[in-house]
Amino acid sequence: MHEPPSSPLTWRTLLLSTLALLLVMTAVAVFGAHWAWQNLAAHVVLRDQAASISMPSELAVRASVSNKIEVRIDQNLRVKVPVHETLSIPITEPIPLTVSVETSVPINFDVPIEHTLHVDQVIDLDTKVKTRILGFAVTLPIQGKVPLKADVPISLVIPVRKQVPVSLNTPALIRLAEPLSARIDTVMDTVVPIRESFSLPVTAPVNATLSFPSQTVKAGLTHMDIKLPLNAVQLERQP
């Protein structure tokens with residue numbers, strides 16, 4: 001077999017090949033730099049650095065408070081308390097009241113009477129007397145005045161057995177031997193004055209505002225691990 005004759009290598013061909021190779025290498029380098037610029041980040045570790053931190057005048061935060069807060073309460077608290085209880089109320093003092101009595105009182109006693117009755121009077125006599133004279137029945141009219149003087153002793157016992165009705169209104173004092181039992185089923189609407197200091201635990205996070213007297217705070221950074229995207233890094237000439 002006869003090989004085809006090779007074309008001669010000239011300077012023009014070599015120059016064009018070199019230029020094409022440089023263009024390809026430049027395109028690859030630009031693409032690689034652009035990819036690295038968009039996707040890679042600079043990793044910087046800082047240790048023992050002094051820093052000045054600028055703080056805002058106020059900062060809204062949501063904070064959890066672990067310790068108790070001393071609170072002074074000086075106000076009137078309106079409360080409604082349902083009461084469903086049976087109370088035992090002792091009453092030791094006498095209670096004045098007016099007593100109305102409608103009753104009957106039984107009377108059972110004997111009344112002894114010892115008395116001498118003095119009789120001194122004239123008795124008018126006008127009557128008829130039936131008698132017998134010589135065996136004959138005769139009716140004799142008798143008229144006249146008969147003087148009577150005598151001392152008649154009287155000794156007797158009079159029994160008294162009777163129900164006497166009694167009706168009266170009179171003031172009286174009553175003393176209760178046992179405490180009163182009262183059932184209370186109500187709602188008490190009252191105002192309770194509170195003048196006390198309380199130590200209250202805060203069980204839920206609260207919204208708060210932090211105030212900073214000094215706007216600039218000196219701080220020391222002992223360790224800081226920073227990752228910066230390359231497109232945020234600016235290169236400057238070192239003075």
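Accessible areas were obtained by the Shrake-Rupley method with a 1.4 Å probe. On this basis the protein chain, taken from a predicted model, exposes about 21500 Å². Carbon and sulfur atoms supply 61% of that area. Of the 239 residues in the protein chain, buried residues make up 2%.

The secondary structure consists of one helix and 10 strands. Along the sequence these elements follow the pattern α-β-β-β-β-β-β-β-β-β-β. Among the contacts between residues at least 6 apart in sequence, 90% join residues at least 24 apart.

Strand 5 and strand 6 are described next. Strand 5 covers residues 95-133 and strand 6 covers residues 136-174. The two strands run antiparallel, and 39 bridges join them. Within this pairing, Ser100 stands opposite Asn169 of strand 6. The hairpin formed by strand 5 and strand 6 has two residues between the strands. In this hairpin Leu134 takes a positive phi near 55 degrees.

A nonpolar patch was found on the surface, with an area of about 390 Å². The residues that make the patch are Ile123, Leu125, Val129, Ile142, Val146 and Leu148. Strand 5 and strand 6 are the elements that give two or more residues to this patch. Ile123 belongs to strand 5. The relative accessible area of Ile123 is 35%, and the residue is therefore classed as partly exposed. Residues enter a patch with over 30% relative accessible area and no salt bridge, and the 35% of Ile123 is over that cut-off.

Side chains of opposite charge can pair when their charged atoms come close. A search of the whole structure returned four salt bridges. Three of them are described here, beginning with two that involve strand 5 and strand 6.

One salt bridge is formed by the side chains of Arg161 and Asp110, with an N to O distance of 3.1 Å. Arg161 lies in strand 6 and Asp110 in strand 5, so the pair ties together parts that are 51 residues apart in sequence. Arg161 is exposed because its relative accessible area is 52%. Asp110, at 43%, is partly exposed.

The side chains of Asp124 and Lys145 also meet in a salt bridge, here with an N to O distance of 2.6 Å. Asp124 is located in strand 5 and Lys145 in strand 6, and the pair therefore ties together parts 21 residues apart in sequence. Both partners are exposed: Asp124 has a relative accessibility of 56%, and Lys145 has a relative accessibility of 60%.

A further salt bridge joins the side chains of Arg195 and Asp74 at 2.7 Å, N to O. This pair links distant parts of the chain, 121 residues apart. Arg195 is in strand 7, which spans residues 180-200, and Asp74 is in strand 4, which spans residues 69-89. Arg195 has a relative accessibility of 39% and so counts as partly exposed. Asp74 counts as exposed, with a relative accessibility of 52%.

Strand 7 also contains Ile194. Buried residues are those under 20% relative accessible area; Ile194 has 18% and is therefore buried. Apart from residues up to four places away in sequence, Ile194 touches Ile73, Asp74, Gln75 and Leu77. Asp74, one of these contacts, is also the salt-bridge partner of Arg195. The C-alpha atoms of Ile194 and Asn76 are separated by 5.9 Å, although the two residues are 118 residues apart along the chain.

Another pair that is distant in sequence involves the loop between strand 3 and strand 4, where Ser64 lies. Strand 3 covers residues 58-63. Ser64 has a relative accessibility of 64% and so counts as exposed. The C-alpha atoms of Ser64 and Pro205 are 4.5 Å apart in space, while the residues are 141 apart in sequence.

Definitions and conventions
Residues are numbered from 1 along each chain as its sequence is written. This is a predicted model: local features need pLDDT of at least 70, side-chain atom pairs count only at pLDDT 80 or more; totals for chains, interfaces and linings use all residues. Side-chain values use heavy atoms; hydrogens and water are left out. Patches are made of residues with over 30% relative accessible area and no salt bridge: like charges are joined within 9 Å, nonpolar side chains (Val, Leu, Ile, Met, Phe, Trp, Tyr) within 5 Å. Helices (H or I, at least four residues) and strands (E, at least two) are DSSP runs, numbered from the N terminus. Buried means under 20% relative accessible area, exposed over 50%, partly exposed in between (1.4 Å probe, protein chains only). Contact means heavy atoms within 4.5 Å. Two strands pair if DSSP finds at least two bridges between them.
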